[in-house]
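Me: Please take a close look at one part of this model, a loop and the elements around it. I should like one connected account that also places this part within the whole chain.

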Amino acid sequence: MAAFIALLFTLPLIAQDGLSEMEMDSATNSYHLSADAAINGNLVDLPYRILQKLSIRVFGLTPYAIKLPSIIVGLILGILLILLLNRWFKNNVSLLASCLVVLSTPFLFLAGSGTPLIMLVFWPTLLLWLGSKIQGEKRPKPMYSFLFAIALAFAIFTPYMLYFAAFCVVFVLLQPHLRFVLRSLPKLPLMLTGLIILAGMSALIINIINQPVVIKELLLSPNFEGQNFIPNFMSGMTPAFQWFGESSTIFLAPLIALPVLALALVGLLSTTKGFFASRNSIASLLTIFVIIITGLNPQAVVFLILPLSILTAHGLKYLLEKWYGLFPENPYARVAALLPLTILFGIIIIPGLLQYVHGYHYNSKVASQFDYSLDIIHQNLTDETLIVEKNYDFYKILEDSTAIEVVKNLEDADTDRIAVLKTQASNEDYILSRIITSPMKENSDIIYLYTVKGEENGTDNRPNENDQPATQSSEGA
């Protein structure tokens, strides 16, 4: 557990230390979240937005502060996955399956990405674990019913979780054992649970009435059109199963390692015999759910983490039972199984970690989708004027924690990149004195530094036709 915590909190330092467009948008929206957001109906992803705003307020606008909320949620999510699998499987199976999932590329990506995308996996995992505490106890404690209702009330304000809420209701109504558990619950806690859920739904309806655009944000992706369902699905699933070639999305390919997929397929086949048991059928139905939401938003493919963890646990359980079944009275067979298991886990986990750590640095198509400007600004600039055209609202946040002034539009400057005027006198004549580059192979010139003409020596230092502006890499800047 200590190694897992250390790994999560060092993720931004060892992998995607740049920022994607989604992370910049998320930080901007979170930072400008008003204090009365809940009253005004701005409830979509509100818990994550509050946590991210608090992080930026405390630590300033840095890549680590932007990603810190996902790291914290990822830590809780990893623990929830272990607890959930431990409810349905033996300790050894749940621990092994959890290790495979929390050290996989998609999980590490979510925990190291400063966007609310991780909540798409967090809420269902929390709800399933609370549901298992209600269903798996002879006398379930009312507290778990209340916590389930509260979690569901918060979850419905996360995109696509309305579909999951409907899925939960249908699943309970169709599953005989769950219907029996529901009828056996004490009436008073059940009524209070229903009131909590009803209050959450009422808040959602009021929010939709005040801001009709919210319903599209919760049910569809912002630019979704009906004819895009199949292309979205293909775009989302391709990096998940692309074992050859490079991914052109923000995800490293393959998202799912081939040995893990093989274990999951074994687990899927092993559940057919007892499909109508709740823990067996739920993994298959969650797989159908992820297909639906991936068609709405390709990035929702990360939800595969949840059904994949359950099916992987099923696969491990099946393999261990078959192995021990061959030698039911031979204790040496159990010890002998440790060696192939160790080799199997080493083959799965170590290459996955190396792929994650190095892929976001050296996979050109993926790494080029991350912007390294913010780190370079912190390393090189103090009280200059920052001139930006793109992501202006994001960089404007710097003014609250630094002496940097952020302005928009500089006449005759190359505003396709970030321009920095090394003086506060922005109306004077200026010349391009230096270009700072990023580690990227293409489009590496990301910051242009302008100096007021004659500022240093009292002469015009404008370069002539044969002169080239000085260039320095970000590492040496």
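Reply: A residue is called buried under 20% relative accessible area, exposed over 50%, and partly exposed in between, with a 1.4 Å probe and protein chains only. The model is predicted, and for that reason local features need pLDDT of at least 70 and side-chain atom pairs count only at pLDDT 80 or more, whereas totals for chains, interfaces and linings use all residues. Numbering starts from 1 along each chain as its sequence is written, and side-chain values rest on heavy atoms, with hydrogens and water left out.

The whole chain comes first. Its 477 residues are 49% buried, and its secondary structure consists of 23 helices and six strands. These elements are DSSP runs numbered from the N terminus: helices are H or I runs of at least four residues, and strands are E runs of at least two. Contact is taken as heavy atoms within 4.5 Å. Among the contacts in the chain with a separation of 6 or more, 71% are between residues 24 or more positions apart.

The part chosen here is the loop between α10 (142-155) and α11 (161-174), where Y160 is placed. P159 lies in this loop as well. Y160 has a phi near 75 degrees, which is positive although the residue is not a glycine. Its relative accessibility is 5%, so Y160 counts as buried. P159 has a relative accessible area of 16% and therefore also counts as buried.

The contacts of P159 lead away from the loop. With neighbours within four places in sequence left aside, P159 touches V44, D45, L120, E217 and L218. One of these partners, D45, belongs to another loop, the one between α4 (37-40) and α5 (46-59). D45 also has a positive phi, of about 55 degrees, and is not a glycine. At a relative accessibility of 9%, D45 counts as buried. A further link across the sequence joins P159 and I293: they are 134 residues apart along the chain, and their C-alpha atoms are 9.7 Å apart.

Y160 is approached from helix α17 (residues 278-296), where F289 is found. Beyond four places in sequence, the contacts of F289 are Y160, M161, Y163, F164 and F303. F289 has a relative accessible area of 5%, so this residue is buried. P307 stands 18 residues from F289 along the chain, and the two C-alpha atoms are separated by 9.6 Å.

Two contacts of F289, namely F164 and F303, lead into the wider interior. A nonpolar core is a set of buried Ala, Val, Leu, Ile, Met, Phe, Trp, Tyr and Cys residues joined through side-chain atoms within 4.5 Å. The largest such core has 107 residues, and L8, F164, L286 and F303 have the most contacts inside it. Helix α9 (residues 119-135) gives the most to this core, namely 11 residues. For L8, the partners beyond four places in sequence are I71, G74, L75, F107, L108 and A111. Another core lies apart from the largest one; it has 23 residues, including M24, I376, L381 and I436.

Helix α10, which precedes the chosen loop, offers a contrast in burial. M143 lies in this helix and has a relative accessible area of 45%, so M143 is partly exposed. M143 and L130 are 13 residues apart along the chain, with a C-alpha separation of 9.8 Å.

A position in a strand may be set beside these loop and helix residues. I387 is found in strand β1 (residues 385-388). Its relative accessible area is 2%, and I387 is therefore buried. From I387 to I447 there are 60 residues in sequence and 9.8 Å in space, C-alpha to C-alpha.

To return to the chosen part: P159 touches D45, and F289 touches Y160. In each of D45 and Y160, phi is positive in a residue that is not a glycine. The loop between α10 and α11 is thus described by P159, which is buried at 16%, and by Y160, which is buried at 5%.
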